[in-house]
Amino acid sequence: MIYAFLTSLEPVVNGEIPEFGIRRPKGAPLSFNRRNVVYPETDGKTVRYRICRIPVINGNSVRGQTRRRFIYKTLQVLETPEKSIHPEIIHFISAGGGTGKDDSPGQEQFKFKQEIRKKLPFVNLLGGALRGMFLKGMLRVGFVYPIIKETCWMLSNTPLKERFQDVELLTASDLEGKLDVIRLTRCKIDDEFLKYSEADELSEDGEVVVEVDDESDDDDVKRDKGAIYSAEALPAGLPMWTYFELCRNDDEILEAALHAFVESFKELSSIGGWKAKGCGHFAMEFMYADGTSYNPQKAEKYWEYLKENKNEINYYMSKELAEYLRSTDKAREEKKKKK
Amino acid sequence: MKPLKITILLSSPIAFPIKVKPYPLMFDSILIELMAQRAGRFDYDYNEYDSYSPENNERGVPLAVGGTRKKFYRASAIEVPKAEHTSLSIVSRTDWPEEQEIEKCAKWKREVIYVGSGLYRNSRELMPGIIAPIVNFYCVGDKEKIEDLLSDLKAIGVKTAIGMGRVEKVVVKEIAEDYSVIDKNGNPARPIPFDEHPGRGGWLRDYCSYKPPYWLIDNKDMCWIPPMYRWYPL
């Protein structure tokens with residue numbers, strides 16, 4: 001198990017899907033992803049559990065973004081030949097795949113599952129779905145929680161506990177008050193650029209003549225203030241934490257793959273959205289459950305395994321998994337004929 | 001084998017699957033999953049004989065078996081004393097074609113993929129869930145073996161790979177009464193096949209599984225089922 005201690009260096013944006021189909025009012029900022037969390041409250045004799053709503057980043061955000069980077073690195077090490085793998089298999093590997101309407105797994109899906117687990121450690125780690133065959137990933141990624149008074153009880157069994165024992169932490173309501181709203185505004189086009197778009201005619205001297213409609217002062221103000229996007233963001237400097245763990249501890253290659261995944265997360269060093277707009281950059285520190293610091297050397301075994309077995313892995317992805325797709329195609333056609 | 005109460009303290013919500021009928025978590029399925037994982041099995045083989053089934057129990061599942069014609073383990077469905085509604089938003093994007101190194105490996109039939117619908121669709125889903133600090137299970141079983149197995153339990157429910165149903169603490173204690181099949185209020189605590197109980201007034205019935213794996217259609221039969229407020233108290 002690897003714990004990640006994160007400190008936001010930039011504001012963090014992670015949008016929420018509104019519940020019950022409620023539409024966001026026009027112009028309202030994209031609200032931050034908030035979830036209910038439970039926390040204990042004690043009066044010395046009894047413990048009561050209370051529930052509060054706080055901003056969190058879901059594990060699937062971290063997992064999905066890191067997955068793409070991890071698979072990118074994996075395919076580079078494998079030196080997979082160009083145009084060699086079926087796009088559905090690429091989709092399965094790099095995005096978790098999907099299942100179509102009439103997809104049903106073949107008779108031999110258990111055999112394929114065992115083979116995939118053995119030969120493709122990156123799929124064993126992350127899981128996915130291919131033509132109705134669901135493969136459970138061995139990796140668990142936790143929610144990214146801000147470290148505040150309401151969430152610090154979750155650190156009690158972790159090496160981060162001591163670090164925050166004597167620190168004055170924010171409460172959930174303090175954190176709500178510190179949420180920023182980031183606005184991206186539409187700029188007024190300068191006259192210099194107008195000649196490319198609104199040039200009506202050229203004068204005798206070759207100058208551009210532009211006719212600009214008269215606008216009132218109010219319109220000018222509206223245009224200057226016209227925000228096109230806005231989103232709530234967690235402030236920079238906020239301590240957060242998450243974890244990465246495996247369902248099984250008896251596989252060395254899988255453990256090395258976990259380290260390689262964490263390495264990819266470290267390289268990304270960002271979470272959430274609006275990265276191109278200066279959001280989501282983090283300082284990261286990793287440690288094991290016993291408090292010892294993370295050893296990146298443990299990932300080497302995974303990369304070495306890929307290098308040693310690259311021909312076999314590429315062959316398996318391009319030929320044998322494609323055979324599975326063909327068998328499900330046949331089954332689908334037979335089903336249609338029967339209908 | 002003694003009547004036991006298992007209390008689990010959770011730090012994150014339990015999610016329920018969408019697009020399928022919601023069903024309660026069953027304690028015997030949790031134990032069997034943990035046993036199978038210890039044995040290095042993570043996938044169910046449809047073609048293989050099920051050595052964890054209550055009919056033969058060759059693997060030694062540490063639970064008492066009930067029933068005569070349609071046997072089941074004496075382990076209850078989840079009991080959620082108090083909960084609040086929550087949800088989990090899941091966004092999936094097909095963004096790998098933007099990554100040139102990944103995209104170039106694909107053997108394309110056509111160069112453009114459509115992300116609006118079909119296999120490569122982008123999606124936004126909101127999964128229902130409950131946030132409950134404490135959940136209970138009841139069973140009749142071997143306390144030491146169950147405690148040992150539950151030491152591996154890190155999460156319960158669905159979407160545990162992305163942080164749902166995180167287990168913080170598990171407490172197993174012996175109790176005087178057995179609530180594994182019929183609960184304190186006299187309602188079914190787990191699905192009981194019609195063949196094994198005549199039923200009582202007010203009991204609910206459904207066509208559902210009565211033994212693990214609970215998702216397998218072969219295990220389904222007409223059963224008396226626990227009331228929904230027991231496991232989805234909203």
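How many bridges join E1(A) to strand E13 of chain A? Six bridges join E1(A) to E13(A), and the two strands run antiparallel. That is a good place to start a walk through this predicted model, because E1(A) has only a few residues to follow and five of its seven residues are buried.

Let us stay with strand E1 for a moment, which covers residues 2-8 of chain A and is mostly covered itself. One of its residues, Phe5(A), has Trp241(A) as its bridge partner in E13(A); that strand takes in residues 239-246. E1(A) also pairs with strand E14, residues 282-288 of chain A, again in the antiparallel sense and over seven bridges. Here you can look for Ser8(A), whose bridge partner in E14(A) is Phe282(A).

Now step back to chain A as a whole. Its 339 residues, of which 36% count as buried, include ten helices and 14 strands. Among the contacts in chain A between residues at least 6 apart in sequence, 73% join residues at least 24 apart.

Trp241(A), the partner of Phe5(A), turns up again in the largest nonpolar core. This core has 124 residues, and those touching the most other members are Leu125(A), Val144(A), Trp241(A), Ala257(A), Phe261(A) and Cys139(B). The element that gives the most to this core is helix H8 of chain A, residues 252-268, with eight residues. What does Phe261(A) touch, leaving aside its neighbours within four places in sequence? Its contacts are Thr66(A), Phe70(A), Leu125(A), Leu139(A) and Phe244(A).

Further along chain A, two asparagines make a useful pair to look at. Asn295(A) sits in the loop between E14 and helix H9 (300-308). Is Asn295(A) buried or exposed? Asn295(A) is exposed, because there are 10 other C-beta atoms within 10 Å and a residue with 12 or fewer counts as exposed. In space, the C-alpha atoms of Asn295(A) and Glu263(A) are 10.0 Å apart, while 32 residues separate them in sequence. The second asparagine, Asn309(A), is in the loop between H9 and helix H10 (310-338) of chain A. Asn309(A) has 17 C-beta neighbours inside 10 Å and therefore counts as partly exposed. From Asn309(A) to His86(A), 223 residues away along the chain, the C-alpha distance is 20 Å.

Next comes chain B, with 234 residues, 37% of them buried. Four helices and eleven strands make up its list of elements, and its C-alpha atoms fill a box of roughly 65 × 40 × 35 Å along the principal axes. Its domain assignment gives domain 1 (2-86 + 129-231) and domain 2 (87-125). The centres of these two domains, taken over C-alpha atoms, are separated by 37 Å. In chain B, residues 24 or more positions apart account for 74% of the contacts with a separation of 6 or more.

Helix H1 of chain B, residues 27-38, is worth a closer look. At 1.5 Å a residue, its twelve residues should span 16 Å, and the end C-alpha atoms are 17 Å apart, which agrees. The buried residues of H1(B) are Phe27(B), Asp28(B), Ile30(B), Leu31(B), Ile32(B) and Glu33(B). Among the elements covering them are strand E1 (2-10), strand E4 (72-73), strand E7 (134-141) and helix H3 (143-150) of chain B. Just after the helix, Gly40(B) takes a positive phi of about 80°.

Elsewhere in chain B there is an open sheet of three strands, in the order E9-E11-E10 and with antiparallel pairing. Strands E9 (192-193) and E10 (204-209) stand at the edges, each with a single partner strand, so one side of each has no neighbour in the sheet. Two bridges join E9(B) to strand E11, residues 220-225, and Pro193(B) has Cys223(B) as its bridge partner in E11(B).

Finally, how do the two chains meet? Contacts link 42 residues of chain B with 48 residues of chain A. On the side of chain B that touches chain A, strand E5 (84-92), helix H2 (100-103) and strand E6 (123-131) each supply at least two residues. E5(B) has the largest share of that side, with seven residues. By class, this side of chain B has 18 nonpolar, twelve polar and twelve charged residues.

Methods. Residues numbered from 1 in each chain as written. Chains lettered and ligands numbered in written order. Predicted model: local features only at pLDDT ≥ 70, side-chain atom pairs only at ≥ 80, totals over all residues. Domains from an automatic or database assignment. Core = buried A, V, L, I, M, F, W, Y, C linked by C-beta atoms within 7 Å. Buried ≥ 20, exposed ≤ 12 C-beta atoms within 10 Å, placed from the backbone. Contact = placed C-beta atoms within 7 Å. Nonpolar A, V, L, I, M, F, W, Y, C, P; charged D, E, K, R; others polar. Pairing = 2+ DSSP bridges. Expected span 1.5 Å × (residues − 1).
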